[in-house]
Structures are given as C-alpha cells and as structure tokens.
Amino acid sequence: MYMFKYILKRLALMLMTFCIIMLMCFVLIKLLPIVVTVQVGQDANIIYSRLEARGYICNVVYDPATQLWSYDTVPILTQLGTYLQRIFLEGDFGIGVTMAEYMNQPVWDVFVEKMPPTVLINVYSSLIGIPIGLGLGIFAALKKNKWQDQVINVVVILLISLPSIVLGLIIQYVFCYKLGWFPLTMQSGYDYFSWDMFVSMLPAVFSLCLGSIATYTRFTRAELTEVLTSEFMLLARTKGLTRGQATVRHALRNAMVPIFPMLLSEFVLVLSGSLVIEQMFSIPGVGRLYLDSINYQDYDFFMLLSGFYTLVGLCAGIITDISYGFIDPRIRMGAK
C-alpha cells in the first residue's frame with residue numbers, strides 16, 4: 001500500500017514538473033523574434049502565410065519599397081490555447097514551417113521516423129558498456145590496491161574527465177581518419193540492421209559508451225569493495241565458503257541493490273546524451289533534429305522534442321526510485 005501511494009505521488013509530481021517545464025519552454029521560445037530565412041526555391045510569402053495559419057503571427061504585410069515583412073505577434077496565452085487544443089482534440093503536434101527539409105511535414109511523423117537511429121546507437125552503447133563496466137568494476141574490487149586496480153582507476157578517471165564530444169573527436173581522428181577502420185559518418189539509408197550500417201554506427205556508439213563504462217566501473221568497484229569488507233562476508237568464509245562462492249552468492253547480490261537502479265537510469269538518460277554525438281557523426285536521429293529545430297526556430301519541432309527529452313529525464317529519476325523497492329524487499333518506499 002505504501003509503495004502504491006508512493007508511485008502515485010511520484011507520478012503526480014512528475015506530471016506537474018513536466019507541465020511547468022513545457023510551459024516555460026513554450027513561453028521562452030515564443031518571446032524570441034521570428035527569423036525567417038528564405039532559401040533557394042522558397043517563397044517568403046508562403047512561409048509567413050504558414051506561420052499565420054498556425055496562429056503564431058497575424059496581420060502580415062509586405063512592403064515592396066523596403067522589401068521587408070511586418071506582422072503582429074499573437075498573444076502567448078492565445079497561442080498556448082490553440083496549441084493545446086490541436087494536440088488534445090485533433091492529435092496535431094504541428095508541421096514543419098521554417099526547416100526546408102521538413103517543410104509541411106507532420107512533426108509527429110518526422111519524430112517517429114528519426115527515432116530508430118537514436119534508439120539503436122543508445123541500445124548498442126548500453127549493450128556494450130554495461131557488461132564491460134560491471135566486469136571491470138568487479139575485477140578491480142577483487143584486485144583492490146594491486147597494480148590491476150591502479151591501472152583501471154587511472155583509465156576510469158581519464159574517461160570520466162573527458163566529455164563525450166572530445167572522445168568522439170579522438171575516435172574520429174584515430175580510428176576513422178588515420179586507421180580507416182570505420183567511416184567518418186553514419187551510412188545513409190534505412191537498412192538499420194545491416195552489417196555495413198552497424199559498422200558505421202560504431203564510432204558514435206563507442207563515443208557514448210566509453211564514459212558509461214567508466215561510470216559503471218567506478219560505481220561497481222566502490223559498492224563491491226564495501227560489501228566485501230562487511231562482517232557477513234567474514235561469517236560466510238568461516239562457514240566454509242571459498243572466496244569465489246562468497247563473492248557470487250552474497251557479495252554480488254548485495255552490491256547489485258544500488259547498482260541495478262543506476263543501470264536503469266543510465267540506460268534511460270543515455271538517450272539525452274547523444275545530441276552532440278549525433279551531430280558529429282551525422283546520425284539522422286532525434287538529437288540532430290532537435291538541434292536543427294533550435295537553430296531554425298521551428299516551434300512545433302522544438303516543443304515536441306523538448307517534451308521528449310524532458311520526459312526521458314523525469315522517467316529516469318522515477319524509474320530509479322521505484323526500482324529500489326522491487327529489487328530489495330526490505331526497502332519500502334514511502335513508508336513512515
């Protein structure tokens with residue numbers, strides 16, 4: 001009962017936080033001036049007409065003498081009401097207006113189309129990073145204060161200190177440019193599960209997972225080292241268990257209580273960490289689309305993608321908290 005009430009409370013707080021953040025994003029993006037960049041083959045009159053039709057501006061006037069456009073901005077609250085009405089009553093998240101590549105395309109359809117590359121590089125990153133990170137952390141804990149542990153600690157500190165963008169540049173220069181093992185950018189096309197496509201994704205995957213490996217290693221080593229020095233481990237050894245048996249049967253099970261929720265949260269949060277990496281390696285995913293929507297001030301794309309990344313961050317936190325109660329029955333979240 002305590003757990004059920006706790007989950008409902010956290011969900012309500014998450015929903016309230018989500019609404020506040022999205023309201024702030026909507027107001028702030030609407031306070032910026034609308035900058036329409038007319039590219040080759042585009043008509044500024046059509047772009048301003050679309051903005052007016054979507055309810056962003058009104059009274060659009062073109063002055064042939066100065067070749068300038070003038071318009072009045074619709075009140076923000078009116079725009080917000082129109083935006084919410086379209087979403088909840090019509091299921092319309094908007095259309096592309098200012099980005100030439102996605103002009104007049106439904107925002108939701110483009111978002112769904114861009115999701116597979118983003119999800120795949122993050123799933124591959126987790127599949128590679130989790131076992132390696134856990135394995136190195138366990139090995140370092142068992143070899144505490146020995147030379148193996150010292151080497152692992154130095155590598156971990158180095159990887160944690162370097163941001164993913166720096167790791168991406170190093171991987172691009174060494175493995176893609178100098179050695180030629182991988183292509184510099186992701187292969188184009190939609191055959192995401194072919195071998196050539198997988199190889200072209202690996203530089204971006206390694207850029208993401210190296211930092212995660214360092215985090216998993218450090219956290220696992222710290223937790224397992226603490227458990228190995230506990231009194232119940234000494235009791236297990238005095239009962240006749242070997243060091244390996246005591247480690248597998250007791251130490252690892254207790255150490256995984258805080259580690260497993262961390263893995264869940266990292267898996268969810270890694271989706272929000274691929275924004276710059278997608279841009280660097282030309283991954284046609286959601287992260288690159290988000291940056292483009294900010295640069296071109298495409299409101300509907302910006303709002304949908306801001307909601308997606310906000311929801312990812314909030315879900316990571318609530319999944320971590322709730323998972324503690326399911327992993328360890330001794331933990332009763334929300335109990336007095």
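Q: In which helix is the place of threonine 217?
A: In this predicted model, threonine 217 has its place in helix α7, a helix that runs over residues 195-228.

Q: Why is threonine 217 called buried?
A: A residue is called buried when its relative accessible area is under 20%, and threonine 217 has a relative accessibility of 2%, so it counts as buried.

Q: Which residues does threonine 217 touch, not counting residues up to four places away in sequence?
A: With those sequence neighbours left out, threonine 217 touches Gly133, Leu136, Gly137, Ile152 and Val156. Of these, Gly133, Leu136 and Gly137 fall within the range of helix α4, residues 107-142, while Ile152 and Val156 are listed among the α5 residues that meet α7. The C-alpha atom of threonine 217 also lies 9.8 Å from that of proline 131, although 86 residues separate the two in sequence.

Q: What makes arginine 218 exposed, although it lies in the helix that holds threonine 217?
A: Exposed means over 50% relative accessible area, and arginine 218 reaches 51%, which means that it counts as exposed. Arginine 218 nevertheless touches Val156 and Ile160, residues up to four places away in sequence not being counted. Its C-alpha atom is 7.0 Å from that of valine 156, with their positions 62 residues apart in sequence.

Q: How do you know whether leucine 224, also in helix α7, is buried or exposed?
A: The relative accessibility of leucine 224 is 1%, and because the limit for buried is under 20%, leucine 224 counts as buried. In space, its C-alpha atom lies 8.1 Å from that of glycine 137, a residue 87 places away in sequence.

Q: Why is threonine 73, in strand β2, called partly exposed?
A: Partly exposed covers the range between buried, under 20%, and exposed, over 50%; threonine 73 has 49% relative accessibility and therefore counts as partly exposed. Strand β2 comprises residues 68-73, and threonine 73 touches Tyr56 and Gln79 when residues up to four places away in sequence are not counted. The C-alpha atoms of threonine 73 and glycine 55 are 9.0 Å apart, and 18 residues separate them along the chain.

Q: Why are α5 and α7 called oblique to each other?
A: The axes of α5 (residues 147-161) and α7 cross at roughly 135° and come within 9 Å. Roughly antiparallel would need an angle over 145 degrees and roughly perpendicular one from 65 to 115, so α5 and α7 are oblique to each other. Their crossing is left-handed. On the α5 side the contact is made by Asp149, Ile152, Asn153, Val156, Leu159 and Ile160, and on the α7 side by Leu210, Ala214, Thr217, Arg218 and Arg221. By class, these residues comprise six nonpolar, two polar and three charged.

Q: What makes the pair α6 and α7 oblique?
A: The axes of α6, which covers residues 164-178, and α7 cross at roughly 135° and come within 9 Å; this angle belongs to neither the range over 145 nor the range from 65 to 115, and the two helices are therefore oblique to each other. The crossing of α6 and α7 is right-handed. Ser164, Leu167, Gly168, Ile171 and Cys176 of α6 meet Pro203, Phe206, Ser207, Leu210 and Gly211 of α7. Sorted by class, the contact of α6 with α7 has six nonpolar and four polar residues, and no charged ones.

Q: At what angle do α4 and α7 pack, and which classes of residue make up their contact?
A: Helices α4 and α7 pack at about 35°, with axes 5 Å apart, and their crossing is right-handed. The contact divides into 22 nonpolar residues, eight polar ones and one charged.

Q: How many helices and strands does the chain have, and what share of its residues counts as buried?
A: The chain has twelve helices and two strands, and 42% of its 336 residues count as buried. Among contacts between residues at least 6 apart in sequence, 67% join residues at least 24 apart. The chain exposes about 18,300 Å², of which carbon and sulfur atoms supply 66%.

Note on methods:
Residues numbered from 1 in each chain as written. Predicted model: local features only at pLDDT ≥ 70, side-chain atom pairs only at ≥ 80, totals over all residues. Heavy atoms only, no water. Axes fitted to C-alpha atoms, helices over the stretch in contact; angles between N-to-C directions. Helix = DSSP H or I, 4+ residues; strand = E, 2+ residues; numbered from the N terminus. Parallel < 35°, antiparallel > 145°, perpendicular 65-115°, else oblique. Left-handed = near helix turned anticlockwise from the far one by under 90°. Contact = heavy atoms within 4.5 Å. Nonpolar A, V, L, I, M, F, W, Y, C, P; charged D, E, K, R; others polar. Buried < 20%, exposed > 50% of the residue type's maximum accessible area, 1.4 Å probe, protein only. Areas by Shrake-Rupley, 256 points an atom, 1.4 Å probe, with all protein chains shown as cover.
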